[in-house]
Amino acid sequence: MNKLSTIYIFLLALFVLLLVGCTNSDMTDSAEAHQAEKQEAVTFDSYLQRTTEGNGTTRTTYPATNGQMDNNKLKQSGFGVFAQYAGSTAWTSYTDKATTPFNFMWNQQVGWNAGSTAWTYSPVKYWPNDNNPADKNGATGSQEHSYLNFFAYAPYVEVVPSTGALTPTAATASDDGIVAITTNATNAAGSYLTYRTSATAPFDPDENVDLLWAVQTDRYKTDDAGYGYVNGTVDLQFKHALALFTITVQGLFDHANNDDTSITYPDDRDMYSHILIESVDFSNSPLFKEGNMYMAPNPADATVPHWVVNSEKRQGITVGGLDVNTTLSNSYLDGTMKKYWDEATPAKGMLKDTDMDEDGDMDADDALALYNQLPMGVSHEETPLYYEADHYYMVLPNKEYRDDTPSDKMKVHMVYYVITYDERLSLVKAGYPKYFSIVKNDITATFDAFSFEPNKKYKLRLQPGLTSAKFEVTVVDGWDTPLTLDPIVVDWYSTPIEYNVE
């Protein structure tokens, strides 16, 4: 190559660089000048609560980790979005959009990208520009607003759009969590997902998946929240679609309620009485193992999802045996499960397992020793019913069902024993141990108004009311004045007696 050619190539390269530099500068100036006029992509910011925790990990296969969902689990599972373009009509309630389908997004998977620390999805959708104003530079649209309505759930599940069945295979009777979604031909008002509890451990968080729901309605590109601008995101504040509850026990002894501060009687059990719990169950209460959660909000409360339970699929809850807190339970573990008092087979109960005296009978000291082996039992101190203190249940909300079926009430059934040691009780019922009074209590409480609502935590406190036996003589046979007893001990009556001795 000659010297002239080298100079020519150098000048040509320099010209190209300057041209590119000018072009980039022009493009930058143009982008800054018209940035607000661009079609902006719809992006999401999803959270259970605001957090500054780490970036999370990539999405894993459904189902997500069992138990309560948090931000990190949400990042692992991702979420699904249903969105509706409603034109100029604002959202008022889901019934108003009965004939409008999810025509903007349908079960759109949104996943967490740990590398870019952002929620991403594909294909990207853009905000409608037909708003008034359409941007911040004077552009106007043909209508006041172009509304988008967003509805989301988590954890995400992949389904066949035309059938709503899980992929790659439809759910079977043994599957739980989200088992189906209505098809993509279903209108917004009729769209729902079907949720089912675990068949082996209903409502147990170790075997069930938490379900989340979020909603954002009447969003448009230039709204005051800034969702449709370059850096704007659609904030989806997920709520728990299920209800959470725990059970505790607190005895009421000679007091009407916990607010009763009367000092007339002690507020705790007598030292020679124990109250041991055999079982607690919900006595065929309206609890359900399957239901449909609609994407659109509850018509009566737009802040929570709308639930229609499958009333033919009831599911009970029973806490008994070794599941009961060891400080309260009538059962204990000694190689196998045993009972302190076995109502069905008294001879198998611990209160019968003792050394006998020389007559083959239990004496009072043996009975007291056995009594002292009993657990504390129910006291005035509030105590968790379940053996794990932080145990809870996740249940399908039943408030809407209860409102529609008020005669089907929530009930709690509790069986417990009051065991009292008394050294004077040597003659007792056949099969029962001497020196013990054992009374079985089989109690059912019915609640007129109690029900479970979405995203609420409940603590069901069982308060067996135990009242000591008191005595009073009242008016009988028409006497106007009550006969009362005020006993005192009178000294021996004595009078001199004289005998005449003849």
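What share of the 502 residues of the chain counts as buried? I looked this up first and found 42%. I note at the outset that the model is predicted.

**Entry 1: the chain as a whole**

I looked up the secondary structure, which comes to four helices and 24 strands. I then turned to the contacts between residues at least 6 apart in sequence, and 71% of them join residues at least 24 apart. For the accessible surface I recorded about 27,700 Å², with 52% of it belonging to carbon and sulfur atoms.

**Entry 2: helix 3**

I examined helix 3, which spans residues 364-371. Its buried residues are A364, D366, A367, L370 and Y371. These residues lie on the same side of helix 3, because they cover an arc of only 160° around the axis. I next asked what the buried residues of helix 3 pack against. Their partners are strand 13 (273-281), strand 21 (410-421) and strand 22 (436-447). At the N-terminal end of helix 3 I found a cap formed by D363, with a side-chain oxygen 3.2 Å from the backbone nitrogen of D365.

**Entry 3: the nonpolar cores**

I looked up the largest nonpolar core, which has 31 residues. Within this core, F245, I277, F282, Y393 and F452 touch the most other members. At least two residues each come from strand 11 (243-249), strand 13, strand 20 (393-395), strand 21 and strand 23 (457-462). Strand 21 gives the most to this core, namely five residues. I followed F245 further and left aside residues up to four places away in sequence; F245 touches F282, I317, Y392, Y393, V395, F452 and Y458. Another core, of 27 residues, lies apart from the one just described, and its members include F82, I178, L242 and A296. As general background, I recall that nonpolar side chains tend to be buried together in soluble globular proteins.

**Entry 4: backbone details**

I checked for cis peptide bonds. One joins S122 and P123, with omega about 0°, and P123 is placed in the loop between strand 4 (118-120) and strand 5 (147-154). The peptide bond from A154 to P155 is also cis, with omega near 5°, and P155 is placed in the loop between strand 5 and strand 6 (177-181).

I also looked up positive phi values in residues other than glycine. Phi of D218 is near 60°, and D218 lies in strand 8, residues 212-219. Phi of N284 is near 60°, and N284 lies in the loop between strand 13 and strand 14 (290-298).

Is N284 buried or exposed? N284 has 59% relative accessibility and therefore counts as exposed, the cut-off for that term being over 50%.

Methods:
Residues are numbered from 1 along each chain as its sequence is written. This is a predicted model: local features need pLDDT of at least 70, side-chain atom pairs count only at pLDDT 80 or more; totals for chains, interfaces and linings use all residues. Side-chain values use heavy atoms; hydrogens and water are left out. Buried means under 20% relative accessible area, exposed over 50%, partly exposed in between (1.4 Å probe, protein chains only). Contact means heavy atoms within 4.5 Å. Accessible areas come from the Shrake-Rupley method with a 1.4 Å probe; for residues, only the protein chains shown count as cover. The arc is that of the directions from the helix axis to the C-beta atoms. A polar contact is a pair of N or O atoms within 3.5 Å; within protein, one must be able to donate a hydrogen and the other to accept it, and residues adjacent in sequence count only if both atoms are side-chain atoms. A nonpolar core is a set of buried Ala, Val, Leu, Ile, Met, Phe, Trp, Tyr and Cys residues joined through side-chain atoms within 4.5 Å.
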